[in-house]
Amino acid sequence: MAWRRGGPCQAPAIAERPGPSAVVRWPLRYEHPIAGGFVREIEAGFHAVASVVHAEIEQPYEGIVMIEIDSEDGPRRVAIDYYDFTFVNARCAAEVHTYFKFQHLRGGYPDFPNVEPGGYVTTSPFLYAYWWRLRALRRKAPPTSDAFGRFGLRFSAPVREAALRILDGESRLAYAGGSRATSHTRYLREMARARVCLDMPGQGPFCCRMVEGLAMGCCMIGPRHGTVLPEDLSDGVNYVHCKEDLSDLGDLCVAYARDEERRASVEASAARYFDEVLHPVRIAERYLRLVRG
């Protein structure tokens with residue numbers, strides 16, 4: 001593949017930070033192998049902004065990766081909760097300095113003041129290696145569909161099926177997608193070349209689709225999430241919210257597919273959001289800032 005021969009995209013510029021270099025102790029092994037897919041890119045982000053050393057760190061909690069970050073007053077234990085559920089592990093939260101929660105409830109956790117929104121990631125290495133090229137493909141290549149939605153039906157099947165039926169039955173749109181799995185690289189290219197893209201819940205309120213769409217600068221449309229990112233997505237600015245019952249989904253897809261100027265504004269803001277908030281380097285920088293003060 002020509003993209004691979006040309007090498008991956010460059011990481012964003014690193015913000016200058018005063019003080020000594022941070023040291024992050026990263027575990028040699030995880031509680032479950034699936035954790036690697038969720039935290040691999042965050043570890044890569046830490047390599048860009050800190051000294052990372054691998055060490056034996058106990059991993060007693062399901063769905064959580066325990067790390068340590070050195071501060072001026074010694075190492076601090078930190079939890080990265082990648083579980084696609086919104087509950088907090090109370091025992092873990094009581095033991096750590098900071099607890100980063102991927103699926104962080106919009107209402108927060110009043111009993112756990114050290115729980116912070118952890119951001120969200122996709123488990124696709126291809127997306128993180130070639131996000132800028134996928135974004136360029138979106139800008140330069142002609143669209144191949146008005147609206148794109150491709151979802152498996154293992155999780156959140158009722159809302160996903162309802163959304164796909166709406167697109168399939170919308171005569172005003174050229175629709176691409178469905179529930180059949182395709183290769184991930186093909187799926188990302190399909191998504192990159194659609195005028196608007198659907199984002200529906202997965203096992204939790206956030207789904208990988210959201211991160212992938214923002215990274216590529218897509219105009220994403222979906223119901224308002226019940227969970228929050230470090231900076232909330234803004235309706236009509238970097239994301240388009242439809243009603244929870246999807247009753248306006250078809251009309252919104254048509255409106256944004258037809259209005260190029262309005263759509264371009266959302267696309268530019270979505271790409272900027274990923275660059276400033278959800279790129280793994282930015283996630284790692286934020287983790288360091290909050291843990292070290």
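Trainee: Which helix gives the largest share of the lining of the largest pocket?
Mentor: That is α7, which contributes three residues, the largest share of the lining. Helices here are DSSP runs of H or I with at least four residues, strands are runs of E with at least two, and both are numbered from the N terminus. Keep in mind that this is a predicted model, in which local features need pLDDT of at least 70 and side-chain atom pairs count only at pLDDT 80 or more, while totals for chains, interfaces and linings use all residues. Residues are numbered from 1 along each chain as its sequence is written, and side-chain values use heavy atoms, with hydrogens and water left out.

Trainee: What counts as a pocket, and what as lining?
Mentor: On a 1 Å grid over the protein atoms alone, a pocket is an open set of points with protein on both sides within 12 Å along at least five of seven lines, whereas a cavity is a set where a 1.4 Å probe fits but cannot get out, and lining residues have an atom within 4 Å of a point.

Trainee: What volume does the largest pocket have?
Mentor: The largest pocket has a volume of about 840 Å³, a volume being the space filled by probe spheres set on grid points that are joined across faces, edges and corners. It is lined by 35 residues, and the closest to its centre are Phe38, Asp84, Thr123, Phe155 and Cys208. At least two lining residues come from each of α2 (35-49), α6 (184-192) and α7 (208-216).

Trainee: How many of those lining residues are nonpolar, polar or charged?
Mentor: The lining has 14 nonpolar, 12 polar and nine charged residues, where Ala, Val, Leu, Ile, Met, Phe, Trp, Tyr, Cys and Pro count as nonpolar, Asp, Glu, Lys and Arg as charged, and the others, Gly among them, as polar.

Trainee: Switching to cysteines, how many disulfides turn up?
Mentor: The search of the whole structure finds zero, a disulfide being a pair of cysteine sulfur atoms within 2.5 Å.

Trainee: Why is cysteine 208 not bonded to cysteine 207?
Mentor: The cysteine 208 sulfur has its closest cysteine sulfur in cysteine 207, at 5.7 Å, and that is too far for a bond. Cysteine 208 is buried (under 20% relative accessible area, with over 50% exposed and partly exposed in between, using a 1.4 Å probe and protein chains only), at 18% relative accessibility, and cysteine 207 is buried as well, at 6%.

Trainee: And the strands, which ones does β10 pair with?
Mentor: β10 (residues 194-198) pairs in the parallel sense with β11 (residues 220-223) over two bridges, and with β8 (residues 145-150), also parallel, over three; two strands pair if DSSP finds at least two bridges between them. In the β10 and β11 pairing, leucine 198 stands opposite isoleucine 221, and cysteine 197 has methionine 220 as its bridge partner. On the β8 side, serine 145 is matched with alanine 194.

Trainee: Why is β10 described as largely enclosed?
Mentor: Four of its five residues are buried, so β10 is largely enclosed by the rest of the structure.

Trainee: Last one, how many cavities of 30 Å³ or more are there?
Mentor: The count is one, and the largest cavity has a volume of about 50 Å³. Its lining includes Arg106, Phe206, Asp232 and His241, and by class it divides into four nonpolar, three polar and three charged residues.
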